[in-house]
Amino acid sequence: MKLKRIDHVGVIVANLERARVLVQDGFGLQPVRHIDHDDLKATFFQCGAADVELFEVTDPEIRRQRLGEGQEARVEHIAFEVESLKDLLVALKSLGIKTTGEPQVTAAYSTVWTQSETSGGIMFQFLERPPADPPS
């Protein structure tokens with residue numbers, strides 16, 4: 001298993017706007033990407049070679065299940081970029097680590113998450129980006 005780098009740290013928050021103000025205005029990190037889906041809103045902030053992802057689950061019951069009672073925020077996952085998701089899945093299986101399902105594929109990357117109860121209590125996200133097009 002070859003980990004290339006930490007891609008981002010995912011922080012689930014109760015209120016994305018309140019958390020964004022602290023990270024952007026208070027800490028001076030600049031947003032680099034925003035996601036707005038029916039079930040999730042997220043903003044990624046660049047911090048050196050890695051990003052900090054702040055995300056809010058919009059369904060109150062699912063947010064409570066993932067965030068906990070009365071919490072404002074918590075680190076939910078650490079995402080690593082890998083060279084080969086296929087090789088990683090073989091390595092995880094040999095370690096007895098289970099994933100939440102088949103890899104999800106987007107235009108930006110293929111990704112999979114671990115089940116935290118099988119990976120030392122920590123949820124990890126692993127992602128593989130497609131190779132960059134060679135310059136013309």
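1. Cover over helix H1. In this predicted model, the buried residues of H1 are covered by elements that include strand E1 (3-13), strand E2 (30-36), strand E3 (40-47) and strand E4 (50-57). The buried residues in question, within a helix that runs over residues 16-26, are Leu 16, Ala 19, Arg 20 and Val 23. Viewed down the axis of H1, these buried residues fall within an arc of 100°, so they line one face of the helix. Asp 25 and Gly 26 are exposed on the other side of H1. An arginine, Arg 20, thus appears in the list of buried residues of H1 beside Leu 16, Ala 19 and Val 23.

2. Helix H3 and its strands. Which strands do the buried residues of H3 pack against? They pack against strand E5 (73-82), strand E7 (110-113) and strand E8 (123-128). H3 comprises residues 85-94, and its buried residues are Leu 85, Leu 88, Ala 91 and Leu 92. Down the axis of H3, the buried residues fall within an arc of 115°, so they line one face of this helix. The face turned away from the buried side of H3 carries the exposed residues Lys 86, Val 90, Lys 93 and Ser 94. Just after H3, Gly 96 adopts a positive phi of about 80°.

3. Arg 63 in helix H2. The helix spanning residues 60-67 is H2, and Arg 63 lies in it. Is Arg 63 buried or exposed? Its relative accessibility is 19%, and the cut-off for a buried residue is under 20%, so Arg 63 counts as buried. When neighbours within four places in sequence are left aside, Arg 63 is in contact with Val 13, Ala 14, Glu 56, Val 57, Thr 58 and Gly 68. Among these partners, Val 13 belongs to the span given for strand E1 (3-13), while Glu 56 and Val 57 belong to that of strand E4 (50-57).

4. Pro 130 after strand E8. The segment after E8 contains Pro 130. With a relative accessibility of 48%, Pro 130 counts as partly exposed. Where the neighbours within four places in sequence are set aside, the contacts of Pro 130 are with Ala 107, Ala 108 and Tyr 109. The C-alpha atoms of Pro 130 and Tyr 109 are 6.3 Å apart in space, although the two residues are 21 apart in sequence.

5. Overall architecture. How many helices and strands does the chain contain? The secondary structure amounts to three helices and eight strands. Along the sequence they follow the pattern β-α-β-β-β-α-β-α-β-β-β. Of the contacts between residues at least 6 apart in sequence, 51% join residues at least 24 apart.

6. Dimensions. The C-alpha trace spans about 45 × 40 × 25 Å along its principal axes. For a compact globule of 136 residues the expected radius of gyration would be near 14 Å, and the 16 Å of this chain agrees with that.

7. Burial, surface and charge. Buried residues account for 34% of the 136 residues in the chain. The accessible surface comes to about 8,400 Å², and 54% of it belongs to carbon and sulfur atoms. The chain carries 15 positive and 21 negative side chains. The centres of these two sets of charges lie 4 Å apart.

How values were computed. Residues numbered from 1 in each chain as written. Predicted model: local features only at pLDDT ≥ 70, side-chain atom pairs only at ≥ 80, totals over all residues. Heavy atoms only, no water. Helix = DSSP H or I, 4+ residues; strand = E, 2+ residues; numbered from the N terminus. Rg over C-alpha atoms; globule rule 2.2 N^0.38 Å. Buried < 20%, exposed > 50% of the residue type's maximum accessible area, 1.4 Å probe, protein only. Contact = heavy atoms within 4.5 Å. Areas by Shrake-Rupley, 256 points an atom, 1.4 Å probe, with all protein chains shown as cover. Lys, Arg positive; Asp, Glu negative; His and termini not counted. Charge placed at Lys NZ, Arg CZ, Asp CG, Glu CD. Arc of directions from axis to C-beta.
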